[in-house]
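Open the model in your viewer and keep the sequence panel beside it. This tour goes stop by stop, telling you what to select and what is there.

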Amino acid sequence: MSAQSLRARVRSEMIEEIKAVARKRLAVDGANLSLRGVARDMGIVASALYRYFPSRDDLLTALIMEAYRALAAEAEAADAKPPAADLRGRWMAVCSSVREWALSHPAEYGLLYGSPVPGYAAPEDTIAPAAAVVLRLAAIAQAGAKQLTPLPISTPLPATVHADLRLLIEQQAADLPEDVLDRVFVGWTQLFGLINFEVFGRLHGLIDARADYFDHHMNVMADLVGLP
């Protein structure tokens, strides 16, 4: 192995170790992550970390990107388990995988969907990974577009929202009616709203049968989209 390759390997291993320690710190400090705290846990001086992450925000972005990718991978794997034609089964599998990941990784989930980090602005690189779950749900609806029997809604889709959804459909080269994508978005926000309530303790003292409660609401969302 050349000296250059060895340095690259050592650097890569160091970056992974820093992120691993930082993830543990998230469980203690939440979004109030500091390079100084990470360095202290690693037994090194804080200035040594700046060779790998120039600022706390750079480290936060790396953790956020990694968490979004991990969540997307879970959703993708779950989507592949039911038969392709079982649209509702795929929808439920994806939703359940997101919940299971969140409950297993509450600190990382909190970094993605908890309170905004003061002074931190996520770069545009995080937009695509953040949309992975809703785009997967939309792909499930698109796969069965001709089979959908959505519940009737009396409130018309506002023209401005219709335009936003049309632009998104065109950007994704999708073939889905705007009103169906709107329903998918309702399901997406309900999915993360339910998970937020569970992860952050908002259901305590109200709902004990949380898995059944979650499955019921995700089935209601599947009904809204019209999945057979």
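**Stop 1: the largest pocket**

This is a predicted model. Select Ile64, Tyr68, Leu111, Leu112, Gly114, Ser115, Pro116, Val117, Tyr120, Ala122 and Thr126: these residues line the largest pocket. Two elements give two or more residues each to that lining, helix H4 (56-79) and helix H6 (106-113). The volume of the pocket is about 200 Å³. Now colour the lining by residue class. Eight residues are nonpolar and three are polar, with no charged residue in the lining.

**Stop 2: the largest nonpolar core**

Which residues touch the most other members of the largest nonpolar core? Select Ile18, Val38, Leu59, Trp91, Leu191 and Met218. The core holds 62 residues in total. H4 supplies the largest share of them, nine residues.

**Stop 3: Leu59**

Stay on H4 and centre the view on Leu59, which lies in this helix. Is Leu59 buried or exposed? Its relative accessibility is 0%, and buried means under 20%, so Leu59 counts as buried. Next, show its contacts. Beyond four places in sequence, Leu59 touches Ile18, Lys19, Ala22, Leu33, Leu35, Val38 and Phe53. Two of these partners, Ile18 and Val38, are also on the list of core residues that touch the most other members. Then draw a distance from Leu59 to Asp79, C-alpha to C-alpha. The two residues are 20 apart along the chain, and the distance reads 30 Å.

**Stop 4: helix H5**

Select residues 87-104, which form helix H5. Place a distance between its end C-alpha atoms: they are 26 Å apart. At 1.5 Å a residue, the 18 residues of H5 should span 26 Å, so the model agrees with the expected span. Switch on a surface here. H5 is mostly covered, with 13 of its 18 residues buried.

**Stop 5: helix H9 and the loop after it**

Repeat the check on helix H9, residues 159-171. What span should its 13 residues have at 1.5 Å a residue? The expected value is 18 Å, and the end C-alpha atoms are 18 Å apart, so the two agree.

Finish on Ala173, which follows H9. Ala173 is found in the loop between H9 and helix H10 (178-199). Check its backbone angles. Phi is near 50 degrees, a positive value in a residue other than glycine. Ala173 has a relative accessible area of 69%, and the cut-off for exposed is over 50%, so Ala173 is exposed.

How values were computed:
Residues numbered from 1 in each chain as written. Predicted model: local features only at pLDDT ≥ 70, side-chain atom pairs only at ≥ 80, totals over all residues. Heavy atoms only, no water. Helix = DSSP H or I, 4+ residues; strand = E, 2+ residues; numbered from the N terminus. Expected span 1.5 Å × (residues − 1). 1 Å grid on protein atoms, 1.4 Å probe; cavity = no way out; pocket = protein on both sides within 12 Å on 5 of 7 lines; lining within 4 Å. Points joined across faces, edges and corners; volume = space filled by probe spheres on them. Nonpolar A, V, L, I, M, F, W, Y, C, P; charged D, E, K, R; others polar. Core = buried A, V, L, I, M, F, W, Y, C linked by side-chain atoms within 4.5 Å. Buried < 20%, exposed > 50% of the residue type's maximum accessible area, 1.4 Å probe, protein only. Contact = heavy atoms within 4.5 Å.
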